[in-house]
Protein chains: 4
Amino acid sequence: MACSRYEYVKSYEQDDKILPNVWIVIRIDGKKFHKFANAHKFEKPNDENALNVMNAAGIAVMEEFRDIVLGYGQSDEYSFVFRKDTSAFKRRAAKLLSYVTSMFTSSYVLSWSQWMQRPLSYAPCFDGRIVLYPSDENLRDYLSWRQADVHVNNLYNTAFWKLVLESGLTNQQAEERLRGTFSSDKNELLFQEFGINYNTLPAMYRKGTILLRKRVVLDSQDEQEKGRQAIVPIHEDLIGNEFWKQHTEILGKYVPGKHVVNSLNKHLERQLAKQLEKQATIAEI
Amino acid sequence: MACSRYEYVKSYEQDDKILPNVWIVIRIDGKKFHKFANAHKFEKPNDENALNVMNAAGIAVMEEFRDIVLGYGQSDEYSFVFRKDTSAFKRRAAKLLSYVTSMFTSSYVLSWSQWMQRPLSYAPCFDGRIVLYPSDENLRDYLSWRQADVHVNNLYNTAFWKLVLESGLTNQQAEERLRGTFSSDKNELLFQEFGINYNTLPAMYRKGTILLRKRVVLDSQDEQEKGRQAIVPIHEDLIGNEFWKQHTEILGKYVPGKHVVNSLNKHLERQLAKQLEKQATIAEI
Amino acid sequence: MACSRYEYVKSYEQDDKILPNVWIVIRIDGKKFHKFANAHKFEKPNDENALNVMNAAGIAVMEEFRDIVLGYGQSDEYSFVFRKDTSAFKRRAAKLLSYVTSMFTSSYVLSWSQWMQRPLSYAPCFDGRIVLYPSDENLRDYLSWRQADVHVNNLYNTAFWKLVLESGLTNQQAEERLRGTFSSDKNELLFQEFGINYNTLPAMYRKGTILLRKRVVLDSQDEQEKGRQAIVPIHEDLIGNEFWKQHTEILGKYVPGKHVVNSLNKHLERQLAKQLEKQATIAEI
Amino acid sequence: MACSRYEYVKSYEQDDKILPNVWIVIRIDGKKFHKFANAHKFEKPNDENALNVMNAAGIAVMEEFRDIVLGYGQSDEYSFVFRKDTSAFKRRAAKLLSYVTSMFTSSYVLSWSQWMQRPLSYAPCFDGRIVLYPSDENLRDYLSWRQADVHVNNLYNTAFWKLVLESGLTNQQAEERLRGTFSSDKNELLFQEFGINYNTLPAMYRKGTILLRKRVVLDSQDEQEKGRQAIVPIHEDLIGNEFWKQHTEILGKYVPGKHVVNSLNKHLERQLAKQLEKQATIAEI
């Protein structure tokens, strides 16, 4: 066969199977997203629609890779947690990493126009990394780390942009004003100077977005109704124990819990619509 | 600081720096592209425009990552060769792999509408892998392996689809007809039954696409003209020595060679236009 | 400095730090020990003194590396378990592996003459491997695997060598006689033909040797006595729960338990003597 | 089968095959050999016999592992170079590393009494590491680095111990005397104060020991004589080109060269005697 003389090069590929029985976390990060946000005129300190594009991409990843039990997004990053015993792609690190990164990127670009007015002016790029966590405690601490990060950053950014956009300070002046302040100082500043109670700002900005696989049941539906599976975006505290008591499926043997809602948000609407469409296509054939 | 209790999880990230002084090859592969090609009605056996989307994505990757000295694309795959002594992203494997995969994916989606009539019906996904080659001979053999692969596949596919589309055979009949045939048999079949000289078919289908970093000089330009740097797609044999004699910059100390053309193809036109636009923007500021 | 031109080669060493928070098991195996046992006329099926040399080497390793919480030896192999949170040698895999292998080998050769009549006729050689276990259950299963292995092999070997040495069968005849038999068959054979109750054979042969770090207290000592720390060889079942209830220090926060004995065996005697000697030397200075 | 429930733990072992077509260097280092040297009263600055023990261990390693083409020892370290295309132990890193480390250690302990008066007072221990070098130039630079190291250290130590042992300086005084001096200063000091021409000191101290696989031919033998293969210790400069011109078998296709000697040193004598003994044993059978 014509190829055989060169085929030995295939043997240079190295095995990169991940140790069994550990949590596999893949975190995606925007490359130079500061510049990207400016080029696309993102609102400051948070652009709701830009975050919705991130969430749409996160949901697409979880729809594609069934062994992801939780997604967590904030700012220009998204973390995905594969269940400990996943055998997806034989746990090969490069396969897992590149598929998740590619699917996220692809969905980000495709979802863009659904949420943003302005077209993409150039190709966004994300990096990805794999981190392994042996124990449940490690995994919770990882997620707590990311959520503590969004808290610290968002409180700062909220104060910073208020000072710049409403009080007319320069960036440098605002920076100096905030240097060395504690959380409580910034809360106070927001309340005293701008009449803002930080804790009443949108939870998505303060807590980031947690994606869980749930059976969605409309409040109006019959109690017996099993609902339809979907990736549900929620914006809660995940540092305390309450979250983990409520969503035991994450760390336990994986059975999607029930999620009762009054009405569907745009993300859920789209997923359910897509599912119905697929079934219709199958029915046609 | 609020995060500190959880920050230890950062230490679970593992070092994945690549051995110095080896060729780093990253190969991108379409995930389930057989299905993707059908869903988007790609022409058989080759869809010129779909290949152009791949090439556009390959060019975008090489524009972004300056240490890639050669790209090679065929079918739904693309290989990128980083120079041996690159220190891009400190040679960290996950960074290199995920950035290249993400940039390729992003550019694929963004370039789609420039070449294809039909819109993307769902998000395409690519996987990526890193393979290391210590010697120049290994690297050449790798590229030869991929080009031998396109030769074998394309000859087969060309014969197969002629039998199906023009002689009216079913897929199974065509398969049986070709089972056990040698290259010479398929060449003969194409010539005798369809009047086709395989070697005169478009080189892009038979040889794939090689991307090189060159100074593009128009034939009409003054000889002294230095030209403008661009990623040049060429469709040549790279298995023989001729190619390597002509493009010594690939294995040698990297200095982009000169590339003289009569006229610009679409890929080159776009790159040069983009460059002019950028300079104009800079000039304005 | 004279070296500097070449010193870049140091940067080719790659980081091999082990993931935090997993059990690190290092298993040492004799290289071609079948031949080695014959060359040194080991008794069949078990040579008590040869096993004592292995145990002496195992004890020496645990005396040197304080973060090993358990050793387990059988036949020509020895496993060492480092506590999950060890930071010995910064968890660098090659350091841990090579030190343990070297210390084991060195001590094996040095202990040889203390137990064996016949001198070493050539240098014994061991290989080593590192295996990581994320959960306590994984670790227990690993040790159970090794102890189940010694059970299966020793029962077979005991029956085999009885048939060969006492019933005068050839090796091949003995093999045929035992082919396809279950444990119960072999137990029965030993009892019926040789009057042997397998369960009363020395525990070291049937269960292997577990090394634990304990405070050794002589029965005759005062109850209040804290005893002296030593590596204690015991020969118990470690597959059931009883062992783990009794030695909670292994999986828990490491505090050596108490070990009450009537009299010291040779292994303990030597360790305690060495400790006294060291103290005497220090006192002298 | 009894073991099966636990056997899954075997799947936790990870593949560690080394990239093909690179030089594999394993370097062994004594653990706390400063203390070991003092405890065994090594002569300062060089103990010829202690170096002979190292060399005996190095030779034993090369006798055992046929794919090692060169050994290089100095002070308490030894490097072994496996040929680029070795498939020994399937290139598995842990196997290679642990076997070489174990064989070295074992032979060190067993060779001790052949060269040293004083018995071993405790078990010596070595660590080992694997470093990969893609090009011949890298490999030469690695070896040059180690030889430059012995030069710098030995010149310093020679001067230091002369000052301490003959001029009666304290260690600290000698240190201060040498601080900031260049090689030429130390050469001068040795010559002026002690009448020593550094370049005439034993080559083993100044250049370390290179082990090569050669056919040993006695000067007195017939020219046609093929000689007997052995590991030959030589003490030459390997930084310059001369060495590599003379021993082309190292980097080239491996064919042991010829080594003509007037008489056998102790190391060669032992190897040849061992070979004759083995043949005699085989002949007897």
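Strands here are DSSP runs of E, at least two residues long, numbered from the N terminus. Two of them pair if DSSP finds at least two bridges between them. The model shown is predicted.

**View 1. A hairpin in chain D joins S2(D) and S3(D).** The hairpin has two residues between its strands. D:Ser75 sits in the turn, with a positive phi of about 50 degrees. The two strands run antiparallel and are joined by six bridges. D:Gln74 stands opposite D:Glu77 in S3(D).

**View 2. S3(D) also pairs with strand S1 of chain D.** Strand S1 covers residues 23-30. Its pairing with S3(D) is antiparallel and runs over six bridges. D:Val25 faces this partner strand, standing opposite D:Val81.

**View 3. S3(D) is a buried strand.** Six of its six residues are buried, so S3(D) is largely enclosed by the rest of the structure. D:Glu77, D:Ser79 and D:Val81 point one way from the strand. D:Tyr78, D:Phe80 and D:Phe82 point the other way. The residues of both groups are buried.

**View 4. Two rings of chain D meet edge-to-face.** Over all chains, the count of aromatic pairs comes to 96. One pair is D:Phe65 and D:Phe89, with ring centres 6.0 Å apart and planes at 65 degrees. Planes over 60 degrees apart count as edge-to-face, so this pair is edge-to-face. D:Phe65 lies in the loop between helix H2 (48-64) and strand S2 (68-74). D:Phe89 lies in the loop between strand S3 (77-82) and helix H3 (93-115). The pair therefore ties together parts that are 24 residues apart in sequence. Is each ring buried or exposed, and where does the cut-off fall? Buried means under 20% relative accessible area. D:Phe65, at 5%, counts as buried. D:Phe89, at 24%, is partly exposed.

**View 5. Aromatic residues of chain A form one cluster.** Among its members are A:Phe33, A:Phe36 and A:Phe42. A:Tyr78, A:Phe80, A:Phe104 and A:Tyr108 belong to the cluster too. So do A:Trp112, A:Tyr122 and A:Phe126.

**View 6. Arginine lies over tryptophan in chains B and C.** B:Arg270 lies over the face of B:Trp115, at 4.9 Å from the ring centre. In chain C, the charged end of C:Arg270 sits over the ring of C:Trp115, 4.9 Å from its centre.

**View 7. An annotated domain spans residues 6-134 of chain A.** An unreviewed UniProt entry lists this stretch as "domain: tRNAHis guanylyltransferase catalytic". Over these residues the chain is 36% helix and 22% strand. The end C-alpha atoms are 41 Å apart.

Note on methods
Residues are numbered from 1 along each chain as its sequence is written. Chains are lettered from A and ligands numbered from 1 in the order in which they are written. This is a predicted model: local features need pLDDT of at least 70, side-chain atom pairs count only at pLDDT 80 or more; totals for chains, interfaces and linings use all residues. Side-chain values use heavy atoms; hydrogens and water are left out. Rings of Phe, Tyr and Trp (its six-membered ring) pair if their centres lie within 6.5 Å; planes under 30 degrees apart count as stacked, over 60 as edge-to-face and the rest as tilted. Helices (H or I, at least four residues) and strands (E, at least two) are DSSP runs, numbered from the N terminus. Buried means under 20% relative accessible area, exposed over 50%, partly exposed in between (1.4 Å probe, protein chains only). A charge sits over a ring if NZ of Lys or CZ of Arg is within 6 Å of the ring centre and within 35 degrees of the ring normal. UniProt positions are given in the numbering used here, feature names are shortened, and annotations may be inferred rather than shown by experiment.
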